[in-house]
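Good morning, colleagues. Please look at the sequence and the model on the screen while I describe the surroundings of the ligand.

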Amino acid sequence: MTDRPEMFEGVDRIWQDGEFVNFEDAQVHVLTHALHYGTGVFEGVRCYDTAEGPAIFRWDEHLERLYESAKVYDIEIPYEPAELTEATIELIRSEGLESCYIRPIAFYGYGPLGLNPSESPVETAIAAWPWGAYLGEEALEEGVDVAVSSWRKYSSDEIPTNAKTTGPYVNSVLASLEARGNGYTEAVVLNEEGNVAEGPGENVFLVRDGEIYTTGLSESILDGITRQTAITLAEDMGYEVHETTISRGELYTADELFFTGTAAEVTPIRSVDGNQIGAGTKGPVTDDLQSAFFDLFEERPAEYDDWFTDVEV
Ligand code: PPE
């Protein structure tokens, strides 16, 4: 095996199919169905070191999305949600993590090949490791330079975009490779209608005249949980939020743009295709919302307590 990637350096154990196994032993067969056909569903969740100790952010919503994604592919996860919750909490505790990224995955495992997955067992795993700012610490303050991708996002009548499925992430990988290859930090991907869909791993928000816009659920996007969080926080702060169609052109003339995502959190966008957005740094509305987002963890406001699952170390 190649050297362990730096991000996994401190990981001792992974939960796999009902047991905690050593990192090195968390293996699959090369004839795993999901390796050949991308037939897996997954989640990305964060645990934050909050004012009240480590707590998983919006775990219930992520778990619900995992089971819904699985449903689309007839993947019957052989564990109850409560069992996955218990495994995750135990994993975070035993790994001694205060804040981390959590990656649950369920996939058609080692069975006969061929497109029909029904004879393949469903394998399930949960890993957790520390993962800092996705697009860089500096990006959270200063924003990222993005490019509109030449790759389009598939539409929901080709592959359901509300399911978080492993295989279709090749679309995100292509967009990401292209953007990075051209010197940008991230891509913005258009849908088949040519309107804004999302980033390869983020939802997109736009600010114009003090109001907030984000692409609607029928624009071929993942129904991001951070997107929902941002909408709720913004509305609770008194902003008008519109879930709508955003044209490519509107990106260039926006007052502010930002990404949301579990990994990306709330990351400002400072330019699109070389065109400066606003003052070319984090805008005031983005700042307001980003502060409200990070305050959730520092302050644990009572009104959003439902959003937290305490790890209780
Ligand atoms: N769109 C896509 C395509 C996407 O992958 C994500 C999450 C989002 C939107 C935001 O969804 P949410 O996390 O529920 O707010 N991307 C995950 C994977 C990142 C990765 O590189 O892997 C994530 O942020 O965990």
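A residue is near a molecule if one of its heavy atoms lies within 4 Å of it. Around the ligand there are 20 residues, and those that come nearest are Tyr-101, Tyr-134, Tyr-169, Thr-226 and Thr-262.

This is a predicted model, where local features need pLDDT of at least 70, side-chain atom pairs count only at pLDDT 80 or more, and totals for chains, interfaces and linings use all residues. Residues are numbered from 1 along each chain as its sequence is written, and side-chain values use heavy atoms, with hydrogens and water left out.

I turn to the polar side chains. An oxygen atom of the ligand lies 2.4 Å from a polar side-chain atom of Tyr-169. For Tyr-134, the corresponding distance to a ligand oxygen atom is 2.5 Å, and for Thr-262 it is 2.6 Å.

Finally, where does the ligand lie with respect to domain 1 and domain 2? Both domain 1 (6–129) and domain 2 (137–299) contribute residues to the shell, so the ligand lies between them; these bounds come from an automatic or database domain assignment.

Notes:
Polar contact = N/O pair within 3.5 Å; in protein donor to acceptor, adjacent residues only side chain to side chain.
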